[in-house]
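Me: I am new to this one and would like to know what the terms stand on. Could you take me through it, setting each value against its definition?

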Amino acid sequence: MTTLRPARLRPGWLAAGIGAVLVALVAGVALGPVTLPPGSVAAELLNLIPGVDLPSGLDEREIAIITELRLPRVVLGLLVGAMLSLAGGCYQGVFRNPLADPYLLGVAAGAGLGATMAIAFRAGAVLPPAAFAGAGIAVVVTYLLGVAGGRDRSSATLILAGVAVSSFLAAIQTYLLQRNVDTIREVYSWLLGRLATNGWHEVTLLLPYALVTTVVVLALRRELDVLSVGDTEAASLGLHPQRSRLILLAAASLGTAAAVAVSGLIGFVGIIVPHVVRLLAGGSYRSILPLSLLFGAAFLALADLAARTLIAPGELPIGVVTAFFGAPFFILVLRSTRRVSV
Amino acid sequence: MLAVEDVRVTLGDAEILHGVDLTVASGEWVTVIGPNGAGKSTLLRAVGGAVPFHGKIIIDGTPTSALPRRRRAQLVATVAQQPVVPPGMRVLDYVLLGRTPYIAPLGRESAQDLSIVEQVLDSLELRRFTGRELETLSGGERQRVFLARALAQGAPLLLLDEPTSALDIGHQQEVLELVDRLRRERSLTVLATMHDLSIAGEYADRLVLLADGRVAADGPPAQVLTEELLALHYRARVRVIAGEFGPIVVPVRVS
């Protein structure tokens with residue numbers, strides 16, 4: 001008789017996810033205008049761990065390229081990819097909707113308006129906080145409207161409120177752009193997403209939020225599985241569905257807002273990575289969420305590598321890369337497995 | 001085991017239940033019957049804690065208003081009328097959801113949870129389906145899985161809302177025989193709703209006829225399934241024939 005194996009994160013998939021992150025890390029740091037040998041890069045990366053001192057054969061200038069230029073950018077890519085994918089998987093579970101992405105409740109429109117205002121009013125220095133505040137306000141307003149609108153606090157009213165808030169904010173943003181046509185180019189480049197770094201500044205901005213989001217969402221991943229039977233049945237199993245949903249959405253939105261504030265609106269990652277993970281490693285959120293985190297991180301770091309090397313010295317908008325390479329890959333996975341479902 | 005006292009439920013602007021009283025003794029099987037819209041499902045949902053109500057519902061000596069949600073889930077298990085079938089979820093993982101009230105908020109299933117589920121799966125002959133996705137099962141198989149999740153909850157009170165409405169006549173009997181066997185083996189108390197009157201009478205110790213949000217009759221099947229009561233509350237013309245396990249209700253055309 002077969003032994004029962006409940007849905008859990010399988011060690012093999014966990015190892016594959018960590019491996020993907022490490023490959024993306026070394027490749028992202030090694031490749032660029034000056035190509036460094038991957039072995040030496042790995043050695044230098046290990047040297048960052050206190051107490052490790054490996055010979056890498058790199059000179060000071062090359063080490064500076066690693067620690068001051070490339071590593072911050074690769075780490076930022078990993079963090080942003082991890083946040084968007086984790087939040088996307090979380091949103092899909094909370095709304096029981098395969099089309100949900102982290103921008104569903106107005107994060108994108110709010111951040112877009114905040115960024116547009118910062119650029120239009122010549123206050124580029126406060127762009128990240130402005131985008132973050134815009135995203136946060138948009139989600140809170142969406143949630144309040146959704147709760148007020150639906151007596152049953154169902155997720156459908158929440159999604160509709162998100163649509164309304166997004167449209168409203170987009171209208172203001174369009175008006176601002178019309179009044180400040182000279183800023184369109186800059187705003188547009190922000191909307192397509194970019195992972196420009198200034199030392200470790202962006203990473204330190206994002207890191208605390210990323211940690212909170214990761215801890216909260218991963219801690220509640222079993223509750224997402226319970227929520228998949230719907231609010232009424234989840235409640236009959238002893239859960240507080242509204243409370244769980246609020247906590248999960250707040251955590252996922254926080255991480256998304258912080259990621260968007262430093263990277264702009266990078267599409268596609270939040271919706272595709274969780275689906276690929278689901279198709280390959282099974283439908284339980286106990287594996288979808290941690291694996292989305294890891295593979296999303298690796299995917300975005302590699303996409304950024306492509307964005308800055310393919311037409312060097314020029315740079316492609318990263319949103320273009322994620323969609324251009326991500327979409328065919330997703331179709332491939334979709335065709336070779338059974339089907340997509342939440 | 002269960003006492004429902006003067007329970008009123010208002011949904012939207014409409015009062016659905018206008019003061020319902022009902023008791024179910026420990027180990028008893030009570031089935032609520034009644035025409036469409038009488039409030040059968042609403043009554044079950046009130047007992048299960050899915051809708052707010054006025055009045056008192058006492059389970060195992062404790063008013064439900066004083067029961068924390070998890071504790072209530074350890075006492076009452078519900079099989080909904082049309083349970084949600086989560087896409088992509090395997091039978092084993094679905095049945096394991098039944099252990100949720102025993103798992104700490106941030107914890108995961110223990111070996112004991114797994115062995116309880118294993119035992120439930122064996123007793124419902126579901127072992128060979130454990131790795132299958134719930135969506136791929138037939139209606140009868142699914143109904144057994146829904147039942148398995150409720151049993152895994154380990155609750156002494158089982159609420160079944162139209163447990164057989166999606167099944168053909170053979171599978172109806174199979175599922176109800178199964179419930180009856182499990183009730184004896186595990187000394188469960190069953191409160192069900194059902195549409196088919198003959199079947200309802202054959203399996204229940206007692207029937208409660210609900211009409212327009214009130215209890216119209218309450219007693220052994222032979223006392224409730226009478227031509228007069230059914231004509232009055234269902235506006236149905238029926239013959240009632242004595243059967244081995246209860247009255248058989250046959251609709252007849254009168255022109």
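Reply: Gladly, starting with strands: two of them pair if DSSP finds at least two bridges between them. Strands (E, at least two residues) and helices (H or I, at least four) are DSSP runs, numbered from the N terminus. The model is predicted: local features need pLDDT of at least 70 and side-chain atom pairs count only at pLDDT 80 or more, while totals for chains, interfaces and linings use all residues. Residues are numbered from 1 along each chain as its sequence is written, and chains are lettered from A and ligands numbered from 1 in the order in which they are written.

Me: What makes strand 4 and strand 5 of chain B a pair?

Reply: Strand 4 (residues 54-59) of chain B is linked to strand 5 of chain B by 2 bridges, in the antiparallel sense. The definition asks for at least two, so the two strands count as paired. One bridge sets Ile59(B) against Thr62(B) in strand 5 of chain B.

Me: Which sheet do they belong to, and what makes a strand an edge strand there?

Reply: It is an open sheet of 4 strands in chain B, ordered 2-1-4-5, with antiparallel pairing. Strand 2 (14-24) and strand 5 (62-63) of chain B are its edge strands, as each pairs on one side only. Helix 1 (residues 40-48) of chain B lies across strand 1 (2-11), strand 2 and strand 4 of chain B, at about 115° to strand 1 of chain B.

Me: Why is one side of strand 6 of chain B left without a neighbour in its sheet?

Reply: Strand 6 is in another open sheet of chain B, with 6 strands in the order 6-7-8-3-9-10 and mixed pairing. Strand 6 (76-79) and strand 10 (214-219) of chain B are at the edges and have a single partner strand each, so one side of each has no neighbour in the sheet. Neighbouring strands here are turned by 15° against each other on average, direction ignored.

Me: What makes the pairing in that sheet mixed?

Reply: Compare two pairs. Strand 3 (residues 29-33) of chain B runs parallel to strand 9 of chain B, joined by 4 bridges, and Val30(B) has Arg206(B) as its bridge partner in strand 9. Strand 9 (residues 206-211) and strand 10 of chain B pair in the antiparallel sense over 5 bridges. Along strand 10, Ala211(B) has Arg214(B) opposite, and Leu210(B) has Val215(B) opposite. The hairpin of strands 9 and 10 of chain B has 2 residues between the strands, and Asp212(B) takes a positive phi near 55°.

Me: On to chain A: why is helix 4 called roughly parallel to helix 6?

Reply: The axes of helix 4 and helix 6 (residues 155-179) of chain A come within 9 Å and cross at roughly 20°. Angles under 35 degrees count as roughly parallel, over 145 as roughly antiparallel, 65 to 115 as roughly perpendicular and the rest as oblique, so helix 4 of chain A is roughly parallel to helix 6 of chain A. Axes are lines fitted to C-alpha atoms, for helices over the stretch in contact, with angles from 0 to 180 degrees between N-to-C directions.

Me: In which sense does helix 4 of chain A cross helix 6, left-handed or right-handed, and in which sense does it cross helix 11?

Reply: Helix 4 of chain A passes helix 6 of chain A in a left-handed crossing (near helix turned anticlockwise from the far one by less than a right angle; clockwise is right-handed). Its contact with helix 6 of chain A has 10 nonpolar, 5 polar and no charged residues. With helix 11 of chain A the crossing is right-handed.

Me: How do you know which residues meet between helix 4 and helix 11 of chain A?

Reply: Two residues are in contact if their C-beta atoms, placed from the backbone, lie within 7 Å. From helix 4 of chain A come Val107(A), Ala108(A) and Ala111(A), which meet Ser253(A), Thr256(A), Ala257(A), Val260(A) and Ala261(A) of helix 11 of chain A. The classes are 6 nonpolar, 2 polar and no charged (Ala, Val, Leu, Ile, Met, Phe, Trp, Tyr, Cys and Pro are nonpolar, Asp, Glu, Lys and Arg charged, the others, Gly among them, polar).

Me: How many residues does each chain give to the contact between the chains?

Reply: Chain A gives 22 residues and chain B gives 27 residues. On the side of chain A, the largest share is 4 residues, from helix 10 of chain A.

Me: And what does UniProt list?

Reply: An unreviewed entry places "domain: ABC transporter" at residues 2-237 of chain B, and for chain A an unreviewed entry lists "transmembrane region" spans, including 74-91 and 127-146. UniProt positions follow the numbering used here, feature names are shortened, and annotations may be inferred rather than shown by experiment. In the model, residues 74-91 of chain A are 100% helix, with end C-alpha atoms 26 Å apart. Residues 127-146 of chain A are also 100% helix, with 28 Å between the end C-alpha atoms.
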